[in-house]
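Please open the structure in a viewer and keep the selection tool at hand. The tour below proceeds by selections, each followed by a description of what is found there.

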Amino acid sequence: MRIRDILRVKGASVVTVPPDTPVEGLIRQLAHHRIGAVVVSRDGVTVEGIVSERDVVRTLAERGPAVLAEPVSAIHTSQVRTVSPEAHLEDVERLMTERRFRHVPVVVDGRLSGVVSIGDVVKNRIDELETERTTLADYITGDRT
Ligand code: AMP
């Protein structure tokens, strides 16, 4: 399975925030959309960074509540790993496991075209395994149509 197959089902919309958004506003966005990370972008298509709930928790623990008034750009990750829609699900799974992050933006020709979360990866992996299991069970029991 490729990333484009996942995006076909879940859609290409991505929540973004401009870099000057206060961290307090970022938290409201995360809560409102019930998501764990947003892409930092001024124009909504160019990836300038990524910021997740982990960045908020870590900097709150390090610097205290003053962080809430700081811009997102003060806590985001600027070296973002992205993938193309042609990437294989297994490769993204490996990337997330090795680099220990749970979100990967999808980019085509420098333009943000979706995001894949660890939840999407796990869901699609389970679906894949379930289909494989059913096919094998049908094959073994001779229940092929
Ligand atoms: P996450 O597991 O996605 O909540 O993110 C854990 C850490 O990795 C945070 O510091 C994020 O800013 C960073 N991060 C998340 N996704 C990416 C990515 N695709 N590329 C680089 N860093 C990321």
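Contact, as the word is used on this tour, means heavy atoms within 4.5 Å. The model is a predicted one.

**First stop: a residue in a helix**

Select residues 53–63, which form helix α3, and then pick out T59 within that helix. Which residues does T59 touch, if those up to four places away in sequence are not counted? They are G64, V67 and I75. Is T59 buried or exposed? T59 counts as buried because its relative accessibility is 2%, and the cut-off for buried is under 20%. Next, display the side chain of T59 together with the backbone of V56: the side chain reaches the backbone oxygen of V56 at 3.3 Å.

**Second stop: the strands**

Select residues 16–17, strand β1, and residues 37–40, strand β2; the two pair in the parallel sense, over 2 bridges. Within this pair, V17 stands opposite V40 of β2. Now add residues 23–33, helix α2, to the selection. Together with β1 and β2, helix α2 makes a β-α-β unit, and the unit is right-handed.

Keep β2 selected and add residues 49–52, strand β3. How do β2 and β3 run? They run antiparallel, joined by 4 bridges. Return to V40, which was seen opposite V17; on the side of β3, V40 stands opposite G49.

**Third stop: the ligand**

Select the ligand and the residues around it, of which there are 13. Those that come nearest are S52, D55, T77, R102 and H103.

Three polar contacts deserve a distance label each:

- D55: an N or O atom of its side chain is 2.5 Å from an oxygen atom of the ligand.
- R102: an N or O atom of its side chain is 2.7 Å from an oxygen atom of the ligand.
- R81: a polar backbone atom is 2.8 Å from a nitrogen atom of the ligand.

How much of the ligand does the protein bury? Taken alone, the ligand exposes 480 Å², and the protein buries 90% of that area.

To finish, colour the shell around the ligand by element. Those giving two or more residues to the shell are β3, α3 and β4, the last of which spans 103–108. Strand β4 supplies the largest share, with 3 residues. Helix α3, the home of T59, is thus met again here as one of the elements of the shell.

Methods. Residues numbered from 1 in each chain as written. Predicted model: local features only at pLDDT ≥ 70, side-chain atom pairs only at ≥ 80, totals over all residues. Heavy atoms only, no water. Buried < 20%, exposed > 50% of the residue type's maximum accessible area, 1.4 Å probe, protein only. Polar contact = N/O pair within 3.5 Å; in protein donor to acceptor, adjacent residues only side chain to side chain. Pairing = 2+ DSSP bridges. Right-handed = clockwise from strand over helix to strand, strands pointing away. Near = heavy atom within 4 Å. Areas by Shrake-Rupley, 256 points an atom, 1.4 Å probe, with all protein chains shown as cover.
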